[in-house]
Amino acid sequence: MSTNSQIAFAPQGNTIVVAATTSAPTGVQALVNTRFSGQETGQVRIVNSGTVIVHLGVGSTAAEAATNAVAATAGSPAAGIPILNGTTQILRFPAGAFFSGLSASAATVYITPGQGI
């Protein structure tokens, strides 16, 4: 028997682009298409097509996402989630979350809302 966490990833909304750079941009919201809103799970597929690590900031507002895009350092935890260059990940966040990114140089991150792995 399949559950949402065991099925192949199924997109449920448009892909957004986060243009990560040395100064985190205003957050962009990843919305689920209206016809899927009753099934909205908060899962997103994240693709870092850049050549550098992106510290992904997530928040309930655009400003909060930009504020949370911070790189952790030794002895200084931070809210930014490191997304390795050239990787694809599926993670779960609150539905309707905003995303921003901080990186050492320009990197493009694609985020698609949906469900599955």
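This passage describes strand β5 and the largest cavity in a predicted model.

Strand β5 spans residues 54-59, and 6 of its 6 residues are buried, so this strand is largely enclosed by the rest of the structure. Here a residue is called buried when its relative accessible area is under 20%. In a regular strand, side chains point alternately to one face of the sheet and to the other. Both faces of β5 are covered. On one side, V54, L56 and V58 are buried, and on the other side H55, G57 and G59 are buried as well.

The pairing of β5 involves two strands, β6 and β8. With β6, which comprises residues 81-83, the pairing is antiparallel and extends over 3 bridges. Strand β8, formed by residues 98-103, also pairs with β5 in the antiparallel sense, over 6 bridges. Residue V54 takes part in both pairings: its bridge partner in β6 is I83, and in β8 it stands opposite S103.

The search for enclosed spaces gave 1 cavity of 30 Å³ or more. The volume of the largest cavity is about 60 Å³. Its lining consists of 13 residues, and those nearest the centre of the cavity are A30, G42, V44, A95 and G96. By residue class, the lining of the largest cavity contains 9 nonpolar, 3 polar and 1 charged residues.

Conventions: Residues numbered from 1 in each chain as written. Predicted model: local features only at pLDDT ≥ 70, side-chain atom pairs only at ≥ 80, totals over all residues. Heavy atoms only, no water. 1 Å grid on protein atoms, 1.4 Å probe; cavity = no way out; pocket = protein on both sides within 12 Å on 5 of 7 lines; lining within 4 Å. Points joined across faces, edges and corners; volume = space filled by probe spheres on them. Nonpolar A, V, L, I, M, F, W, Y, C, P; charged D, E, K, R; others polar. Buried < 20%, exposed > 50% of the residue type's maximum accessible area, 1.4 Å probe, protein only. Helix = DSSP H or I, 4+ residues; strand = E, 2+ residues; numbered from the N terminus. Pairing = 2+ DSSP bridges.
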